[in-house]
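The following exchange examines how empty spaces and ligand surroundings are assigned in a structural model.

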Amino acid sequence: MAKIIAVANQKGGVGKTTSTLSLGAAFKELGNRVLLVDLDPQGSLTLAMGSDPETLEHTVYTALRDVAEHEEVTRDNLHIIRSKEGIDLIPTNIELSQADIDLVREPLGIFALRDILQAVSDYDYIFIDCPPSLGILTTNALAAANQVIIPLQADYLALKGVNLLLRTITKIQRRANRNLKIGGVFLTMADTRTLHTKEMIETTHSALDGKIPVFQTMIKMSVYLKEAPVSGQSILAYASDTNSAASYRQLAQEMIEAAE
Ligand code: ADP
Ligand code: MG
């Protein structure tokens, strides 16, 4: 059975897409079969893995639509793409923004992604890159996942938003997915040279400790992480020897240890 991990935070630009791809690459490097799912209509993950969303005929949207029309989704009609570094992807494009409407209308529309992922349960890890909202797409991801991890930018306002996300997670746990666990929060884009960031790291730990796990690993600000998507590769392939690549490998290790 695949372990399904949602990467969620309703705030945009906190490192969800970057972390989905980097962790996917790190788990693959450890010998796992890894599948990524781009659930953000903007298609940033699809682009960052070297595909042009506009040219795609089969996406997570067409699969969700098939499920809504009660058609069975199989491995063959999912059209999984393999990136040039060998990571598998269910891509997306802007059509997915339509799913917001389709799925809300559908009774049990919250379980559509879960149905799709049953067709690919032979992967070891499936990571879902969530959109920056708490709408039906993110709730689909949370209903399908075993675990949710939360990238958090090291600033004060970002921390405030976590409570809202936690409330949504609790609701999903009660009503839709009792198996959903909170893997934890990890800090991203940390500029450790500034006092503000140093204070934020302490504030995050004191605000969240005892409530939800906070990973020790922190992803620092790095230009390599900005550049990697242009090459269509993860940081592990683009700049394997950097601190950024090492940090994501370490985060993957921490996730494995926490699961034991
Ligand atoms: P989200 O998916 O939450 O919207 P992204 O992963 O797309 O966030 O990141 C937003 C932007 O910040 C992207 O341009 C990405 O390349 C860049 N970025 C992500 N993490 C870092 C980091 N640690 N250091 C510098 N830039 C980063
Ligand atoms: Mg994103």
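On a 1 Å grid over the protein atoms alone, a cavity is a set of points where a 1.4 Å probe fits but cannot get out, whereas a pocket is an open set with protein on both sides within 12 Å along at least five of seven lines; lining residues have an atom within 4 Å of a point. The model is predicted, with local features requiring pLDDT of at least 70 and side-chain atom pairs pLDDT 80 or more, while totals for chains, interfaces and linings use all residues. Residues are numbered from 1 along each chain as its sequence is written, chains are lettered from A and ligands numbered from 1 in the order in which they are written, and side-chain values use heavy atoms, with hydrogens and water left out.

Q: What makes H11 the element with the largest share of the lining of the largest cavity?
A: Helices (H or I, at least four residues) and strands (E, at least two) are DSSP runs, numbered from the N terminus. H11 supplies 3 residues, the largest share of this lining. Strand S1 (3-7) and helix H11 (243-259) are the elements that give two or more residues.

Q: Which residues line the largest cavity, and how do they divide by class?
A: The lining consists of Lys3, Ile5, Phe27, Tyr125, Gln147, Met255, Ile256 and Ala259. Ala, Val, Leu, Ile, Met, Phe, Trp, Tyr, Cys and Pro count as nonpolar, Asp, Glu, Lys and Arg as charged, and the others, Gly among them, as polar. The division is therefore 6 nonpolar, 1 polar and 1 charged.

Q: How many cavities of 30 Å³ or more are there?
A: The count comes to 2. A volume is the space filled by probe spheres set on the grid points, which are joined across faces, edges and corners. By this rule the largest cavity holds about 40 Å³ and the second largest about 30 Å³. The second largest cavity is lined by His58, Thr59, Thr62, Ala63, Asp66, Asn77 and Leu78.

Q: Why is the space taken by ligand 1 assigned to a pocket?
A: A molecule sits in a cavity or pocket if more than half of its atoms lie within 2 Å of its grid points. The space taken by ligand 1 is the largest pocket, so ligand 1 satisfies that criterion. This pocket has a volume of about 580 Å³ and is lined by 29 residues, with Gly15, Thr17, Thr18, Met189 and Leu225 nearest its centre. H1 gives the most to this lining, with 5 residues.

Q: What makes a residue part of the surroundings of ligand 1, and which are closest?
A: A residue is near a molecule or strand if one of its heavy atoms lies within 4 Å of it. Ligand 1 is surrounded by 14 residues, the closest being Gly13, Thr17, Thr18, Lys220 and Ser222. H1 provides 3 residues, the largest share of this shell.

Q: Why is the approach of Thr17 to ligand 1 called a polar contact?
A: A polar contact is a pair of N or O atoms within 3.5 Å; within protein, one must be able to donate a hydrogen and the other to accept it, and residues adjacent in sequence count only if both atoms are side-chain atoms. An N or O atom in the side chain of Thr17 is 2.8 Å from an oxygen atom of ligand 1, so the pair qualifies. A backbone N or O atom of Gly13 lies 2.7 Å from a ligand 1 oxygen atom.
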